[in-house]
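I opened this model to look up a few residues and helices. My notes follow in the order I took them.

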Amino acid sequence: MTFCGIGANKYVEANISQKSRTTVKYTMKTLASIAETIIFIFLGISAMDKTKWAWDTGLVACTLVFILLFRAMGVIGQTWVLNRFRLVPLDRIDQVVMSYGGLRGAVAFALVVLLDGEKVKAKDYFVATTIVVVFFTVMFQGLTIKPLVKWLKVPRSTNRKPTINEEIHER
């Protein structure tokens with residue numbers, strides 16, 4: 001469904017009115033917010049229910065270190081390949097922000113909750129580790145990304161209204 005939506009996007013947008021496009025856009029944003037809210041409510045309930053998860057400090061610490069390390073390695077590797085084909089290459093500051101700003105949340109938690117406890121004996125440890133990772137990335141990284149961006153002096157985009165010529169060519 002996702003790839004069908006991505007593929008059909010350019011054909012659908014060209015054939016619907018501006019009013020319909022706006023309606024579809026805000027409907028999808030609303031549905032996404034509702035789904036994310038439901039998952040985070042479930043996450044909060046699971047975080048408070050200590051009977052559903054088990055704690056292992058080594059596993060949690062290693063997971064946090066490895067997600068930060070491997071995300072940075074992935075961003076650096078992928079931008080190295082992408083910069084060979086881009087007209088405007090991504091610099092080191094862009095790579096730092098992309099590495100640091102990667103929030104892991106609703107999808108990871110939904111997947112770990114769906115594990116079969118009979119087949120995966122360590123499910124309770126995975127649930128606890130995932131809860132810590134989600135809280136760490138959302139709370140710590142989410143709250144510190146703005147000061148990091150200011151400290152790195154990342155240029156901010158300017159919000160300007162497109163010219164009539166740009167609007168016509170975009171359609």
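Lys153: I looked up its exposure first. Lys153 has a relative accessible area of 69%, and the cut-off for exposed is over 50%, so Lys153 counts as exposed. I located Lys153 in the loop between helix 6 and helix 7. I also checked its backbone: phi is near 55°, which is a positive value in a residue other than glycine.

Confidence: I note here that this is a predicted model. The protein averages a pLDDT of 85, and 99% of the residues score at least 70. Which element has the lowest mean pLDDT, and which the highest? I found helix 7 (residues 164–170) at the bottom with 74, and helix 3 (residues 57–83) at the top with 93. My reminder to myself is that predicted coordinates should not be read in detail where pLDDT is low.

Helix 3: I compared its length with expectation. Helix 3 has 27 residues and reaches 39 Å from its first C-alpha to its last, close to the 39 Å expected at 1.5 Å a residue. I listed its buried residues as Val60, Leu64, Ile67, Val75 and Thr79. The cover over these buried residues includes helix 4 (92–100) and helix 6.

Thr129: I placed this residue in helix 6. Is Thr129 buried or exposed? Its relative accessible area is 7%, which is under the 20% cut-off, so I entered Thr129 as buried. Leaving aside neighbours within four places in sequence, I found Thr129 in contact with Leu59, Val60 and Thr63. Val60 is also on my list of buried residues of helix 3. I took one distance as well: Thr129 and Leu90 are 39 residues apart in sequence, and their C-alpha atoms are 32 Å apart in space.

Ile145: I placed this residue in helix 6 too. Ile145 has 24% relative accessibility, and the partly exposed range runs between 20% and 50%, so I entered Ile145 as partly exposed. What does Ile145 touch, not counting residues up to four places away in sequence? I found Val97, Tyr100 and Gly101. For Gly101 I checked the spacing: Ile145 and Gly101 are 44 residues apart along the chain, yet their C-alpha atoms are separated by 6.5 Å.

Helix 2: I ran the length check here as well. Helix 2 (residues 18–48) has 31 residues and should span 45 Å at 1.5 Å a residue; its end C-alpha atoms are 45 Å apart, so the two values agree. In helix 2, I found Leu43, Ser46 and Ala47 buried. Helix 5 (106–113) and helix 6 (123–151) are included in what covers these buried residues.

Surface patch: Which residues make the nonpolar patch? I noted Val24, Met28, Leu31, Ile34 and Ile38, which together make a nonpolar surface patch of about 480 Å². I looked up Leu31 from this group and found Leu31 in helix 2. Its relative accessible area is 49%, below the cut-off of over 50% for exposed, so Leu31 stays partly exposed. I added a general remark beside the entry: an α-helix has 3.6 residues a turn, so residues three or four places apart point the same way.

Notes. Residues are numbered from 1 along each chain as its sequence is written. This is a predicted model: local features need pLDDT of at least 70, side-chain atom pairs count only at pLDDT 80 or more; totals for chains, interfaces and linings use all residues. Side-chain values use heavy atoms; hydrogens and water are left out. pLDDT is the predictor's confidence in each residue, from 0 to 100. Helices (H or I, at least four residues) and strands (E, at least two) are DSSP runs, numbered from the N terminus. The expected span of a helix is 1.5 Å times one less than its number of residues. Buried means under 20% relative accessible area, exposed over 50%, partly exposed in between (1.4 Å probe, protein chains only). Contact means heavy atoms within 4.5 Å. Patches are made of residues with over 30% relative accessible area and no salt bridge: like charges are joined within 9 Å, nonpolar side chains (Val, Leu, Ile, Met, Phe, Trp, Tyr) within 5 Å. Accessible areas come from the Shrake-Rupley method with a 1.4 Å probe; for residues, only the protein chains shown count as cover. A salt bridge is a side-chain nitrogen of Lys or Arg within 4 Å of a carboxyl oxygen of Asp or Glu.
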